[in-house]
Amino acid sequence: MNILGFGDNVVDRFVDRGIDYPGGNCVNVAVYARRLGLDAAYLGVFGDDDLGAFLRTAVAAQGVAVEHSVVRHGESGVSTLHVRDGDRVFLGYNGGGVTVREPLVLDGDLLAYAASFSLVHSSVYSRTEAELPKLAAAGPLVSFDLSDDEEFRTPAYLDRVCPHLDLALLSCSDLDEAATQRLLESVVARGARMVLATRGLAGAAVYDGRTLVTAPAFAADARSMADTMGCGDAFLAGFAVSLLRDGWSHGTPPSRACLERALEHGARSAHDQCFVEAAFGHGRPTAAPAPAALQTPAVPTPLDR
């Protein structure tokens with residue numbers, strides 16, 4: 001069993017701490033899967049600037065293979081944020097840099113490499129939508145983070161990505177239980193084989209078109225937690241690793257008992273993540289002030305939930 005994170009990497013710049021941390025949805029899922037005992041790799045584009053070298057070194061230091069990733073000329077993605085009452089609040093984003101501007105195209109050897117994994121995970125932050133049909137046809141299970149932004153919940157977008165997904169992830173802290181269930185049903189109706197919704201302290205739910213299973217969250221003590229960076233990614237990793245260990249495959253969909261167990265593992269993984277600085281530590285002092293465009297408060301962009 002092994003997991004590939006395919007897509008984004010980013011520097012999370014905590015302006016209140018004056019520290020840059022490595023992160024990114026797809027990087028995080030790979031790192032968390034490795035910490036849970038699976039072989040894991042990251043496939044994507046690193047910038048050729050100092051931050052790109054920092055990111056690549058930090059990911060490799062976690063035991064995540066990066067040898068098939070590429071380095072391209074251009075700046076790395078940077079997200080600025082600070083922590084308020086234990087939660088991370090996003091302030092600005094440079095659009096993801098060269099990682100998102102020039103994403104990898106899966107052809108030939110790269111597609112064969114991706115197909116060698118049990119599960120390939122990507123996200124809306126990676127601009128990998130055009131690669132999903134290739135991945136689905138190549139054989140691995142495919143998971144995809146749909147975030148919580150309305151632009152990624154439109155019928156047109158869901159119709160584009162859902163038919164190629166074995167597992168979709170939704171962040172639904174902004175929705176009540178009834179609205180969450182309607183969204184789960186819509187994602188499955190549009191082609192996803194299974195969809196997982198995380199709702200923060202309200203717990204989580206998973207739906208496969210036949211069975212709806214819910215579970216409570218494991219609440220963390222806010223007085224001792226570091227921050228909430230990466231908690232959603234940790235939930236997904238714990239959930240997916242549990243299912244894979246229970247035999248999840250194209251021919252073997254999870255039973256209700258497997259889904260219940262996976263929700264518990266996901267909740268525990270998310271709880272434990274609350275006590276880790278940023279996505280997975282490895283921070284270093286910010287070398288220079290953030291560019292003016294990043295210092296201006298903006299609509300929060302939840303890159304690493």
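What share of the 305 residues in the protein chain is buried? Buried residues make up 56% of them. The model under view is predicted.

**Whole chain.** Begin with the protein chain in a cartoon representation, where 10 helices and 14 strands are to be found. Next, reduce the display to the C-alpha trace, which spans about 50 × 50 × 35 Å along its principal axes. The radius of gyration of the protein chain is 18 Å, in agreement with the value near 19 Å that a compact globule of 305 residues would have.

**Contacts.** Display the contacts between residues at least 6 apart in sequence; 71% of these join residues at least 24 apart.

**Surface.** Switch to the accessible surface of the protein chain, which amounts to about 11,900 Å². Carbon and sulfur atoms supply 53% of that exposed area.

**Charges.** Select the charged side chains of the protein chain: 25 are positive and 38 are negative. The centres of these two sets lie 2 Å apart.

**Cysteines.** Finally, select the cysteines. A search of the whole structure finds zero disulfides. Centre the view on Cys 26, which is buried, with a relative accessible area of 0%. Why does Cys 26 form no bond with Cys 162? The sulfur of Cys 162 is the closest cysteine sulfur to that of Cys 26, yet the separation is 16 Å, which is too far for a bond; a disulfide requires the two sulfur atoms to be within 2.5 Å. Then move to Cys 258, where the relative accessibility is 11%. Because the cut-off for buried is under 20%, Cys 258 also counts as buried.

Technical notes. Residues numbered from 1 in each chain as written. Predicted model: local features only at pLDDT ≥ 70, side-chain atom pairs only at ≥ 80, totals over all residues. Heavy atoms only, no water. Helix = DSSP H or I, 4+ residues; strand = E, 2+ residues; numbered from the N terminus. Rg over C-alpha atoms; globule rule 2.2 N^0.38 Å. Buried < 20%, exposed > 50% of the residue type's maximum accessible area, 1.4 Å probe, protein only. Contact = heavy atoms within 4.5 Å. Areas by Shrake-Rupley, 256 points an atom, 1.4 Å probe, with all protein chains shown as cover. Lys, Arg positive; Asp, Glu negative; His and termini not counted. Charge placed at Lys NZ, Arg CZ, Asp CG, Glu CD.
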